[in-house]
Amino acid sequence: MTKRIHVDRGRCTGIGMCEAVAPNHFEVDDEAEVTLLVEEVTEKDRALIEEAVRACPALALRLEEA
Ligand code: SF4
């Protein structure tokens with residue numbers, strides 16, 4: 001089933017671990033603002049995005065049902 005990435009912007013501190021793990025999905029700009037480049041997570045990318053979610057030290061990421 002397709003999942004969607006959700007960012008809790010109140011928690012995100014722009015550390016950029018998500019971008020380091022999955023640069024095709026996350027981009028952190030100079031103002032520490034994270035942009036989702038791709039919101040929907042395909043089966044193929046699922047494990048990678050789960051890793052990015054776990055890597056976020058601010059617990060700002062989660063996967064939800066699309
Ligand atoms: S790893 Fe978490 S805190 Fe860091 S930029 Fe990504 S979402 Fe924000």
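In this predicted model, Lys3 stands opposite Val41 in strand 4. Lys3 also stands opposite Glu65 in strand 5, so that this residue of strand 1 (residues 3-7) has a partner in each of two strands, as the definition of pairing by bridges allows. The points below begin with the sheet around Lys3 and then turn to the fold, the ligand and two loop residues.

**The sheet**

- Strand 1 and strand 4 (residues 40-41) pair in the antiparallel sense, and 2 bridges connect them.
- Strand 1 also runs antiparallel to strand 5 (residues 61-65), to which 5 bridges join it.
- Within this second pairing, Arg4 stands opposite Glu64 in strand 5.
- In general, the strands of a sheet pair through backbone hydrogen bonds, in either a parallel or an antiparallel manner.
- The outcome here is an open sheet of 3 strands, with the order 4-1-5 and antiparallel pairing.
- Strand 4 and strand 5 are the edge strands, since each of them pairs on one side only.
- Helix 2 packs on the sheet and touches strand 1, strand 4 and strand 5.
- The direction of helix 2 makes an angle of about 140° with that of strand 5.

**The overall fold**

- The protein has 2 helices and 5 strands.
- Read from the N terminus, the elements follow the order β-α-β-β-β-α-β.
- The radius of gyration is 11 Å, close to the 11 Å that the globule rule gives for 66 residues, so the protein is as compact as a globular protein of that length.
- Along the principal axes, the C-alpha atoms fill a box of roughly 35 × 20 × 15 Å.
- Of the 66 residues, 20% count as buried.
- Contacts between residues at least 6 apart in sequence include 62% that join residues at least 24 apart.

**The surroundings of the ligand**

- The ligand is surrounded by 15 residues, of which the closest are Cys12, Ile15, Met17, Cys18 and Cys56.
- Helix 1 (17-21) and strand 2 (26-28) are the elements that give two or more residues to this shell.
- By character, the shell consists of 12 nonpolar residues and 3 polar residues, with no charged residue.

**Two residues with a positive phi**

- Most residues other than glycine have a negative phi.
- Ala32 has a positive phi of about 65°, although it is not a glycine.
- Ala32 lies in the loop between strand 2 and strand 3 (34-36).
- Ala32 is exposed because 11 other C-beta atoms lie within 10 Å, and a residue with 12 or fewer falls in that class.
- Leu59, which is likewise not a glycine, has a positive phi near 55°.
- The position of Leu59 is in the loop between helix 2 (46-55) and strand 5.
- Leu59 counts as exposed because it has 11 C-beta neighbours inside 10 Å.

Technical notes: Residues are numbered from 1 along each chain as its sequence is written. This is a predicted model: local features need pLDDT of at least 70, side-chain atom pairs count only at pLDDT 80 or more; totals for chains, interfaces and linings use all residues. A residue is near a molecule or strand if its C-beta atom, placed from the backbone, lies within 6 Å of it. Helices (H or I, at least four residues) and strands (E, at least two) are DSSP runs, numbered from the N terminus. Ala, Val, Leu, Ile, Met, Phe, Trp, Tyr, Cys and Pro count as nonpolar, Asp, Glu, Lys and Arg as charged, and the others, Gly among them, as polar. Two residues are in contact if their C-beta atoms, placed from the backbone, lie within 7 Å. Axes are lines fitted to C-alpha atoms, for helices over the stretch in contact, and angles run from 0 to 180 degrees between N-to-C directions. The radius of gyration is taken over C-alpha atoms; the globule rule is 2.2 Å times the number of residues to the power 0.38.
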